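Here is a set of short exercises on reading a protein model. Try each task before you read its solution.

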Amino acid sequence: VRLAESKIEIIEPKQCRDGDNFARAVERGLSAENKSLPCKYIYDERGSCLFSEIMNLPEYYPTRCEKEILTRYRSCLSDYLGDEPFHLVDLGAGDGRKTKLLLRQFTNDGRKFSFVPIDISQSSLECMANDLEPEFCDLKLKGLVADYFKGLEYLSHNNRERNFVLFLGSNIGNFNREESREFLTGLRNSLNDGDLLLIGFDLKKKTSVMVEAYNDSAGISAQFNLNLLNRINGELGGEFDLDTFKYYSNYEARQGAIVSCLLSTRKQTVFIDALDREFDFGKWEPIHTESSYKFGIEQVHRLARDCGFEIEDDFFDSRRWFVDSLWRAR
Ligand SMILES: C[S@@+](CC[C@H](N)C(=O)[O-])C[C@H]1O[C@@H](n2cnc3c(N)ncnc32)[C@H](O)[C@@H]1O
């Protein structure tokens, strides 16, 4: 952590931990007619560890698909970058295990770059920085603890060099269709003309495959979602009894998304100290926790064009379950 501290800049100090934003989001979400909690708050230290476990699960295919893609095409990606210096920006970097494949390739090819992982989870960035240190001791690394939007704002003021932006792991799928357009247009506007974006999309496929990925037999996805209630208890003095909430996740074909929620298994009232108020839950009432939108390749291409990018290439895994699409800012 000593090492990581010197390499990590906190743009929004304790953004999720010190209550304000988190408390407001919880109050808004639990007061709504259709209750919800933003999924980005799942990722405290425990949530980030649970996600790393999810990536190892036999049912969770997206990580393996994307690893296959990056292993196969990393040299081709390196060729796109040439000899000019660039920032390698990793949005929602997580534990960076797939990014490592690219770091290795770019380093071996003698590319001149600095690495800028951006993540809301400070613990993820610290673990990643410590993990990279032994192998990449000369790497110029500047991790930013920030929400995507704050990170982009920061980048738009510090973008004198070319950028190669990674948005992997189908993170884009957590936005609904309208939000993803808004986000990608914002991203485009913080980039320079000619900058590259490699963005991962989970493609539509047999529903049972998608549903199983979010309903693993070890129950890690359930713990991951329940971590939201854990955080409310730990950080906001919530009195949730986790045994009275059940994780439920299914594919909604009309939306084209896996929709996950926590169901209150009984009628109950829960007090949250930091908000100084109670919230009522009906029997089997859901709290929406996460959506994971799936895409057709035509939707991917339309999104690129509508948001100010042109498509350079599409890299698929062998089953065509996932695509890393390479876009250039027009
Ligand atoms: C699904 S994981 C993917 C991690 C990595 N990109 C990968 O492909 O393995 C999502 C990551 O994005 C981060 N994240 C989620 N919402 C975020 C937000 N609004 N701003 C910044 N980071 C966010 C989480 O902390 C987590 O590390």
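The exercises below deal with a predicted model.

**Exercise 1. The ligand shell**

Task: Find how many residues surround the ligand, and which of them are the closest.

Solution:
- Step 1. Count the shell. The ligand is surrounded by 17 residues.
- Step 2. Pick out the closest. They are G92, K98, D119, D147 and Y148.
- Step 3. Sort the shell by type. Eight residues are nonpolar, five are polar and four are charged.

**Exercise 2. Polar atoms at the ligand**

Task: State which atoms of G92, Y148 and D119 lie by the ligand, and at what distance.

Solution:
- Step 1. Start with the backbone. G92 places a backbone N or O atom 2.7 Å from a nitrogen atom of the ligand.
- Step 2. Go on to Y148. A backbone N or O atom of Y148 is 2.9 Å from a nitrogen atom of the ligand.
- Step 3. Turn to a side chain. In D119, a polar side-chain atom lies 2.6 Å from an oxygen atom of the ligand.
- Step 4. Look at the cover. On its own the ligand has 600 Å² of accessible area, and the protein covers 93% of that.

**Exercise 3. Cysteines without a bond**

Task: Explain why C76 and C261 form no disulfide.

Solution:
- Step 1. Set the cut-off. Two cysteine sulfur atoms must lie within 2.5 Å to count as a disulfide.
- Step 2. Test C76. Its closest cysteine sulfur belongs to C65 and is 19 Å away, so the pair is too far apart for a bond.
- Step 3. Test C261. Its closest cysteine sulfur is in C39, at 14 Å, which is also too far for a bond.
- Step 4. Give the total. The count is zero disulfides.
- Step 5. Add the surroundings. C76 is partly exposed, at 28% relative accessible area. C261 is buried, at 10%.

**Exercise 4. A serine in a strand**

Task: Decide whether S114 is buried or exposed, and find which side chain it joins in a polar contact.

Solution:
- Step 1. Locate S114. It sits in strand β3, residues 113-119.
- Step 2. Apply the cut-off. Buried means under 20% relative accessible area. S114 has 13%, so it is buried.
- Step 3. Find the partner. The side chains of S114 and H87 make a polar contact of 2.9 Å.
- Step 4. List the contacts. Beyond four places in sequence, S114 touches F86, H87, L88 and K140.

**Exercise 5. An enclosed helix**

Task: Explain why helix α5 is described as largely enclosed.

Solution:
- Step 1. Count the buried residues. Helix α5 covers residues 99-108, and seven of its 10 residues are buried, so the rest of the structure largely encloses it.
- Step 2. Name them. They are T99, K100, L101, L102, L103, Q105 and F106.
- Step 3. See what they pack against. The partners are α4 (61-81), β2 (86-91), β3, α6 (122-132) and β6 (162-167).
- Step 4. Step past the helix. G110, just after α5, has a positive phi of about 70°.

**Exercise 6. Positive phi in two loops**

Task: Find where D276 and R320 lie, and whether each is buried or exposed.

Solution:
- Step 1. Recall the background. Most residues other than glycine have a negative phi.
- Step 2. Check D276. Its phi is positive, about 50°, although D276 is not a glycine. D276 lies in the loop between β10 (268-272) and β11 (277-281).
- Step 3. Check R320. Its phi is positive too, near 55°. R320 belongs to the loop between β13 (309-316) and β14 (322-329).
- Step 4. Judge exposure. The cut-off for exposed is over 50%. D276 has 60%, so it is exposed. R320 has 52%, so it is exposed.

**Exercise 7. A lysine and a methionine**

Task: Decide whether K283 and M210 are buried or exposed.

Solution:
- Step 1. Take K283. It lies in the loop between β11 and β12 (286-293). Its relative accessibility is 58%, so K283 is exposed.
- Step 2. List its contacts. Apart from neighbours within four places in sequence, K283 meets S264, T265, R266 and K267.
- Step 3. Take M210. It is part of helix α9, residues 207-213. Its relative accessibility is 0%, so M210 is buried.
- Step 4. List its contacts. Beyond four places in sequence, the contacts of M210 include Y61, L203, Y251 and I258.

Methods: Residues numbered from 1 in each chain as written. Predicted model: local features only at pLDDT ≥ 70, side-chain atom pairs only at ≥ 80, totals over all residues. Heavy atoms only, no water. Near = heavy atom within 4 Å. Polar contact = N/O pair within 3.5 Å; in protein donor to acceptor, adjacent residues only side chain to side chain. Areas by Shrake-Rupley, 256 points an atom, 1.4 Å probe, with all protein chains shown as cover. Nonpolar A, V, L, I, M, F, W, Y, C, P; charged D, E, K, R; others polar. Buried < 20%, exposed > 50% of the residue type's maximum accessible area, 1.4 Å probe, protein only. Helix = DSSP H or I, 4+ residues; strand = E, 2+ residues; numbered from the N terminus. Contact = heavy atoms within 4.5 Å.
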